[in-house]
Protein chains: 2
Amino acid sequence: MKRDIQKEHAQSCDMLHHHDELVERVVHEMPPEEDLYDLADFFKVFADTTRIKILYVLLKQEMCVCDIAQTLEMTQSAISHQLRILKQMDLVKNRRDGKIIYYSLADNHIVSILSQGMDHINE
Amino acid sequence: MKRDIQKEHAQSCDMLHHHDELVERVVHEMPPEEDLYDLADFFKVFADTTRIKILYVLLKQEMCVCDIAQTLEMTQSAISHQLRILKQMDLVKNRRDGKIIYYSLADNHIVSILSQGMDHINE
DNA sequence: TTTACATATGAACAATTATTCATATATTTA
DNA sequence: TAAATATATGAATAATTGTTCATATGTAAA
């Protein structure tokens, strides 16, 4: 993930910014850097069509890797890579049944985030 | 945005997938491709620290480009580029007052999406 | 109508990332 | 134990994207 290099001084607006103590105040009200990075990383998971599709599949149905691949007409490898990312972010969980590993949504939080997104694009 | 090339046939699992009519059913229950792309594009906007920071700033306070740059210690150009993306996605709006252009959040939808994200990472 | 200032934008570069391909691991069955 | 099947994973490649730099646009003041 790209973490931006901090400038010693922002030299925008020829150093003549308008609202000095406003800036000061808002700077102090900002959440910790770390949280903002984590939040961006969280949304990054939803920022890919393949992962969105996987989540929509699992929304309907627990499924094995093979069937997800079949459903999305993609390779098993591609799906497996993306499932790993979803798992790392605790968006999906899995259980093993013999050779087959079934994936499902980790919690209902995800459903409501997806719905809110859908609401916005269909405003 | 990267749109994946569809395979004629998914050849995962050596063509021997487990749950044929399950796959069939879920395929038909999927939302339109287009919507899924749009949804991923929507979340892509939140998937960058700079844009997240801008949104958190505007959550507190309407602000001009220059002051946002000052607040985040980044160049005016970088902020301006990101504001354009936020505007295109209807996450922010702006008004002109003389030479200065003030940006603010487009609606309260955004607040709740950010909060839900924060909730998840602090689960 | 020049000059200064606030913002926007195009091109180039650096960094990130999704998929593919080859192969490894794990489990079941013969 | 060997063979087959389901899934995972590392490396390479192609594509996307955020920032910088230089410059353009638009507005106000001199």
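Start by selecting residues of β2(A) and β3(A): the two strands form a hairpin with two residues between them. Click on Gly98(A) in the turn, where phi is positive, at about 70°. Keep in mind as you go that you are looking at a predicted model.

**The sheet of chain A**

Stay on the hairpin and show the backbone. β2(A) and β3(A) run antiparallel, joined by six bridges. For one position along β3(A), pick Ser104(A): Lys93(A) stands opposite.

Now add β1(A). This strand pairs with β3(A), residues 100-105, again in the antiparallel sense, over two bridges. Label Cys64(A) and you'll find its bridge partner in β3(A), Tyr102(A). Label Met63(A) too, and look across to Tyr103(A) in β3(A).

With all of that on screen, what is the strand order of the open sheet in chain A? Reading across, the three strands go β1-β3-β2, with antiparallel pairing. β1 (63-64) and β2 (92-97) of chain A each have a single partner strand, so one side of each has no neighbour in the sheet.

Next, bring in helix α3 of chain A, residues 49-60. It packs on this sheet and touches β1, β2 and β3 of chain A. Sight along β3(A) and the direction of α3(A) makes about 90° with that of the strand.

**A stop in helix α1 of chain A**

Select residues 20-29 of chain A, which make up helix α1. Show the side chains of Arg25(A) and Glu29(A): they form a salt bridge, with the closest N and O atoms 3.2 Å apart. Because the two residues are four apart in the helix, about one helical turn separates them. This pair belongs to a total of eight salt bridges over all chains.

**Over to chain B**

Switch to chain B and pull up its strands. Here too is an open sheet of three strands in the order β1-β3-β2, with antiparallel pairing. At its edges are β1 (63-64) and β2 (92-97) of chain B, each pairing on one side only. Two bridges link β1(B) and β3(B), residues 100-105, in the antiparallel sense. Zoom in on Cys64(B), and Tyr102(B) in β3(B) is what stands opposite.

Then select residues 76-88 of chain B for helix α5. It lies across β2 and β3 of chain B, and runs at about 120° to β2(B).

**Where the chains meet**

Show both chains together. How many residues does the contact take from each chain? The count is 69 from chain A and 69 from chain B. Between them the chains bury about 6,300 Å², and 66% of that is on carbon and sulfur atoms.

There are two salt bridges between chain A and chain B. For a look at a salt bridge, select Lys53(A) and Glu33(B), whose side chains meet at 3.2 Å, N to O.

For the last view, keep just helix α6 of chain A (residues 109-121) and helix α2 of chain B (residues 33-46). Their axes are 9 Å apart and the helices pack at an angle of about 100°, which means α6(A) is roughly perpendicular to α2(B). Show side chains to see who does the touching: from α6(A) come Ile113(A), Leu114(A), Gly117(A), Met118(A), His120(A) and Ile121(A). Facing them from α2(B) are Asp35(B), Leu36(B), Asp38(B), Leu39(B), Phe42(B) and Phe43(B). Color this contact by residue class and you get eight nonpolar, two polar and two charged residues.

Definitions and conventions:
Residues are numbered from 1 along each chain as its sequence is written. Chains are lettered from A and ligands numbered from 1 in the order in which they are written. This is a predicted model: local features need pLDDT of at least 70, side-chain atom pairs count only at pLDDT 80 or more; totals for chains, interfaces and linings use all residues. Side-chain values use heavy atoms; hydrogens and water are left out. Axes are lines fitted to C-alpha atoms, for helices over the stretch in contact, and angles run from 0 to 180 degrees between N-to-C directions. Angles under 35 degrees count as roughly parallel, over 145 as roughly antiparallel, 65 to 115 as roughly perpendicular and the rest as oblique. Contact means heavy atoms within 4.5 Å. Ala, Val, Leu, Ile, Met, Phe, Trp, Tyr, Cys and Pro count as nonpolar, Asp, Glu, Lys and Arg as charged, and the others, Gly among them, as polar. Two strands pair if DSSP finds at least two bridges between them. Buried area is the accessible area (1.4 Å probe) that two parts lose on being put together, summed over both. A salt bridge is a side-chain nitrogen of Lys or Arg within 4 Å of a carboxyl oxygen of Asp or Glu.
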